[in-house]
Amino acid sequence: MTYDSLDLAELRKRRNVKWSNVQPDQIPMWVAEMDFPVATEITDGLTDFLLSGGAGYPATAVIESQRTALANWYRDSVGASIDSNRLIEVPSVLTGLEIVVRQRVPEDSPIIVPVPAYMPFLQILGWLGRRIIPVPMLAPTEPGETYRYDLDGIDRAFAEGGKLLLLCNPHNPTGALLSEAEAVALGEIVDRHHGIVFSDEIHIPLRYADSPAFVAYGSLSELHASHTYTALSASKGWNIPGLKCASVIAPSAEAVAQMATAKPEPSSIGLLATDLAFTRARGWLADTTAYLRGNVDVFTEFMARVLPQARYTPPQATYLAWANLGSLRPEAPETVAAYLADEARVVVTNGADCGAPGFVRINLATPRPVLEEALQRIERVVTA
C-alpha cells in the first residue's frame, strides 16, 4: 500500500463521520480513525465470508476462532496470556464499560477518571447519571518524560468513595504508556480500597519500534487480575471501528457470566475482521505504525519550529498528538479548537471535552501530504 496515494479530493468522498461532519474546505483531524485503506487480508476475507452467505448471526466457531486469534496476538505482542474462560465479546469498549458500571458500581459510588480523558468516557458516565471524580494527570516537566498518573490523587479519590478506576493504556489522548512502577502502585491502592479497574487497551497495536515495553495492568499479578476488566479490540490498530467488535477480559468466569446477562452482541463481520487482523494482517500493522512514526516526527518538528512555547510531549503510542495551544487564544483558551476550525480550516478535538481546556487532540493518521497541508494552514494562522 502507498500511504501517500490518497489526496484530499479522494478522502472527501468518504461517507464516514470523520469526513462527512466537516465543511468541504476543512481538514478533519478529530475522530480517532485512520485515513488509510483497510488491510487487503481483512477486506478479502470479509468479501469471501459475505459472498458465502456469512452475514447471519455469529456461529460459535467464529467466536472461538476470534478468541484464539486474540489470545495468540496478545501473547506475542505484550507477553501476557489470556484465559478464554474469562473472555466475553461486546460490540465496543464503551458497551463493555457501560455493562461493568451498571453491574458492579453502586449508583452512589463515583467513578475515578484520570484527566485528560477520552471524551466518550466522560459522556457515557454522564448519560448513566454517575458522578465522576476527575484526577488530573501529572504533566511532564523534563524532556523525555511523559504524562503520569497522580497516585496520591487516585488514592484520595478512592478514600472519597470511588469504586471504579478508569484506565486507558496506551493513553488517549496523551499517548503515554503505563509504567510498571505505576501499575504496581495502582494495584496496591485499588486493593487497599477494595476497588475495581476498567482498563481500556485498544491502542496496544499502535506502539512504535522505539516505544517503551508495554505493561498489561490486569496481567501484572494475580492481585491485579482479581480486580480488573481489560478491554481489547482490533478496531483502532487495524482501522475497523465501524465493524463493532471488542472483547473484555473479566476478573473471573463468574464475572463473565454476569456480563453475559446483558446480552452484548458483536457483529459477525466484526468477529471475523478481528480474527483476520490478528492472524493475517500483522505485516500491514507493522508497515502502518512505521509510517505513523514518521508522521509523529513531522508533527514534533513542526511544534518545535512553529510553536516552541506550547506544551507538547510526543506520544509513546497511538496516532494522537496532545498539545496545549491555549496561548493562541489567551483570552479564551477553551475556544482554541474552534479558532483553528474557523481560521485554519483544520478540525481538531477540543481539549475541554477531554477535561483540559486550552489543549487540543490532533489525529496524525492521515497521508503525509494531507498532514503537511494541515500544518501549513495552522502555521499561516499562527504567524499571520
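Colleague: Helix α10 lies across which strands?
Modeller: This is a predicted model, in which local features need pLDDT of at least 70 and side-chain atom pairs count only at pLDDT 80 or more, while totals for chains, interfaces and linings use all residues. Residues are numbered from 1 along each chain as its sequence is written, and side-chain values use heavy atoms, with hydrogens and water left out. Helices (H or I, at least four residues) and strands (E, at least two) are DSSP runs numbered from the N terminus, and contact means heavy atoms within 4.5 Å. Helix α10, residues 253-260, runs at about 25° to one of the strands that it lies across (axes fitted to C-alpha atoms, for helices over the stretch in contact, with angles from 0 to 180 degrees between N-to-C directions), and these strands are β2, β7 (228-232) and β8 (246-249).

Colleague: Which strands stand at the edges of the sheet of seven strands?
Modeller: Seven strands form an open sheet with mixed pairing, in the order β2-β8-β7-β6-β5-β3-β4, where two strands pair if DSSP finds at least two bridges between them. The twist averages 25° from one strand to the next. Two of the strands have a single partner each, so one side of each is left without a neighbour in the sheet: β2 (87-90) and β4 (132-136).

Colleague: Which residue stands opposite C168?
Modeller: Strand β5 (residues 164-168) runs parallel to strand β6 (residues 196-200), and five bridges join them. In β6, the residue opposite C168 is D200.

Colleague: Which are the edge strands in the sheet of four strands?
Modeller: This open sheet has antiparallel pairing and the order β9-β10-β13-β12. Two bridges join β9 to strand β10 (residues 320-324), with Y312 standing opposite A323 in β10. The edge strands, each of which pairs on one side only, are β9 (311-312) and β12 (349-350).

Colleague: What volume does the largest cavity have?
Modeller: A cavity is a set of points, on a 1 Å grid over the protein atoms alone, where a 1.4 Å probe fits but cannot get out, and the structure holds four cavities of 30 Å³ or more. With grid points joined across faces, edges and corners, a volume is the space filled by probe spheres set on the points, and for the largest cavity this is about 50 Å³.

Colleague: Which element gives the most to the lining of the largest cavity?
Modeller: Lining residues have an atom within 4 Å of a point, and among them here are V113, F121, L166 and N172. The elements that give two or more residues are β3 (111-115) and β5. With three residues, the element that gives the most is β5.

Technical notes. On a 1 Å grid over the protein atoms alone, a cavity is a set of points where a 1.4 Å probe fits but cannot get out, and a pocket is an open set with protein on both sides within 12 Å along at least five of seven lines; lining residues have an atom within 4 Å of a point.
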